[in-house]
Amino acid sequence: MAGQRDIPDGDIAPGAMTEYLTDDWAFFVRSARELERFRSPYQSVEVHDSVPFGRLFRLDGHFMTSERDEFFYHEMLVHMPGIAHPAPERALIVGGGDGGSAEELLKYPSIKSVTLCEIDLAVVDIARKHLASVHKGALDDPRLDLRIGDGFAFVRETKETFDLIVLDLTDPGGPSTLLYTPDFYRACAARLNPVGAMTLHVASPVAHPDRIRDGLAALRTAFPVVAPYLASIPLYGGMWMMACCSGSLDPRKLAAHEVDRRLAQRGIRDLQYYNGDVHRGALALPNFVRILVEGR
């Protein structure tokens, strides 16, 4: 593989891209071919071809997205709040330089603008070069306003308000560290319209219970409504938690038939994961997850 060291940092063997959920638990995806490896000003960037996932994108050794499973993550991150909202017009994505969340938001006929604030231009460049099947042209949509810069600074300084805010972030650490804090969540809440919502991924309830307890507690300092929900994300190791946060909008109030009615009414098609039954099922939490959500 061109440019690859014998065993990259953290990988268990040459070509075995290894994702560590904890120090004692990891899984690997074999790289069929390395397409890119370099260091941007912010992080280590890699793109590989793989048999199970197609093009696979890593940052600092962590799996970010892939051609064949991106819909598990992006559809659940975007449509849980998007369908709950009566007619979202303006959206903000913090992170999300691969364009997958933008592509889902732009399916809404009411959307007039999506601002995408990504700190690392290299992520956008990689997406344009290698991940067209993830963003499907969303990065060049005239409704997309691409801002390269610090997401916290943008949210704190902008006077714009939004119907939806999507935090499409790397795991806590590195450039995203301050974006998992009560201060940032309160800044996001101040930029939401009265009937608006913010979503983000939280952690694995199996691998990261403490992160879930702490993360939900931080979100509750900023939002009266915090609705945790689950999604199966193969590239992240299975069960994963997200949260929809708002001053008033609550996706738990929607029945499955109403979700399906809104999807049809709005002409939102080409969904591979999300539907009314999935919406309701994602909000049904196993008992051990309820304990985490309740902070016990």
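Helices (H or I, at least four residues) and strands (E, at least two) are DSSP runs, numbered from the N terminus. Residues are numbered from 1 along each chain as its sequence is written, and side-chain values use heavy atoms, with hydrogens and water left out. This is a predicted model: local features need pLDDT of at least 70, side-chain atom pairs count only at pLDDT 80 or more, and totals for chains, interfaces and linings use all residues.

**Exercise 1. Confidence**

Task: State the average pLDDT of the protein chain, and find where the pLDDT is below 50.

Solution.
Step 1. pLDDT is the predictor's confidence in each residue, from 0 to 100. The average for the protein chain is 95, and 97% of the residues score at least 70.
Step 2. Residues 1-7 have a pLDDT below 50. Beyond near neighbours in sequence, this stretch has 17 contacts in the model, a contact being heavy atoms within 4.5 Å.
Step 3. Where pLDDT is low, the predicted coordinates should not be read in detail.

**Exercise 2. Surroundings of Tyr 229**

Task: Place Tyr 229 in its strand, decide whether Tyr 229 is buried or exposed, and list what Tyr 229 is in contact with.

Solution.
Step 1. Tyr 229 belongs to strand β11 (residues 225-233).
Step 2. Buried means under 20% relative accessible area, exposed over 50%, and partly exposed in between (1.4 Å probe, protein chains only). Tyr 229 counts as buried because its relative accessibility is 0%.
Step 3. Neighbours within four places in sequence are left aside; Tyr 229 is then in contact with Met 76, Leu 77, Met 80, Thr 199, Trp 240, Met 241, Met 242, Ala 243, Cys 244, Ala 282, Leu 283 and Leu 285.
Step 4. Leu 285 is 56 residues from Tyr 229 in sequence, yet the two C-alpha atoms are 7.2 Å apart in space.
Step 5. The backbone oxygen of Met 76 is reached by the side chain of Tyr 229 at 2.8 Å. A polar contact is a pair of N or O atoms within 3.5 Å; within protein, one must be able to donate a hydrogen and the other to accept it, and residues adjacent in sequence count only if both atoms are side-chain atoms.

**Exercise 3. Salt bridges**

Task: Give the number of salt bridges in the whole structure, then describe the pairs of Asp 49, Asp 140 and Asp 210.

Solution.
Step 1. Side chains of opposite charge can pair when their charged atoms come close. A salt bridge is a side-chain nitrogen of Lys or Arg within 4 Å of a carboxyl oxygen of Asp or Glu. The search finds 22 of them.
Step 2. Asp 49 pairs with Arg 33, with the closest N and O atoms 3.1 Å apart. Asp 49 is in strand β3 (residues 44-50) and Arg 33 in strand β2 (residues 25-39), so this salt bridge ties together parts that are 16 residues apart in sequence. Asp 49 is buried at 18% relative accessible area, whereas Arg 33 is partly exposed at 45%.
Step 3. Asp 140 and Arg 128 form a salt bridge at 2.6 Å, N to O. Asp 140 is in the loop between α4 (132-135) and β8 (144-148), and Arg 128 is in helix α3 (residues 121-130), 12 residues apart. Asp 140 is exposed, with 55% relative accessible area; Arg 128 is partly exposed, with 38%.
Step 4. Asp 210 forms a salt bridge with Arg 213, the closest N and O atoms lying 2.8 Å apart. The two are three residues apart in helix α7 (residues 209-220), so about one helical turn separates them.
Step 5. A network of salt bridges links Asp 11, Glu 34, Arg 37, Glu 46 and Arg 58.

**Exercise 4. Helix α3 and His 135**

Task: Name the buried residues of α3, the residue that caps its N-terminal end, and the helix that holds His 135.

Solution.
Step 1. In α3 the buried residues are Ala 122, Val 123, Val 124, Ile 126, Ala 127 and His 130. They pack against β2, β3, β4 (54-59), β7 (113-118), α4 and β8.
Step 2. The N-terminal cap of α3 is Asp 120, with a side-chain oxygen 3.0 Å from the backbone nitrogen of Ala 122.
Step 3. His 135 is in helix α4 and is buried at 6% relative accessibility. Residues up to four places away in sequence not counted, His 135 touches Asp 98, Gly 99, Gly 100, Glu 103, Ala 127 and Arg 128.
Step 4. A polar atom of the His 135 side chain lies 3.0 Å from the backbone nitrogen of Gly 137.
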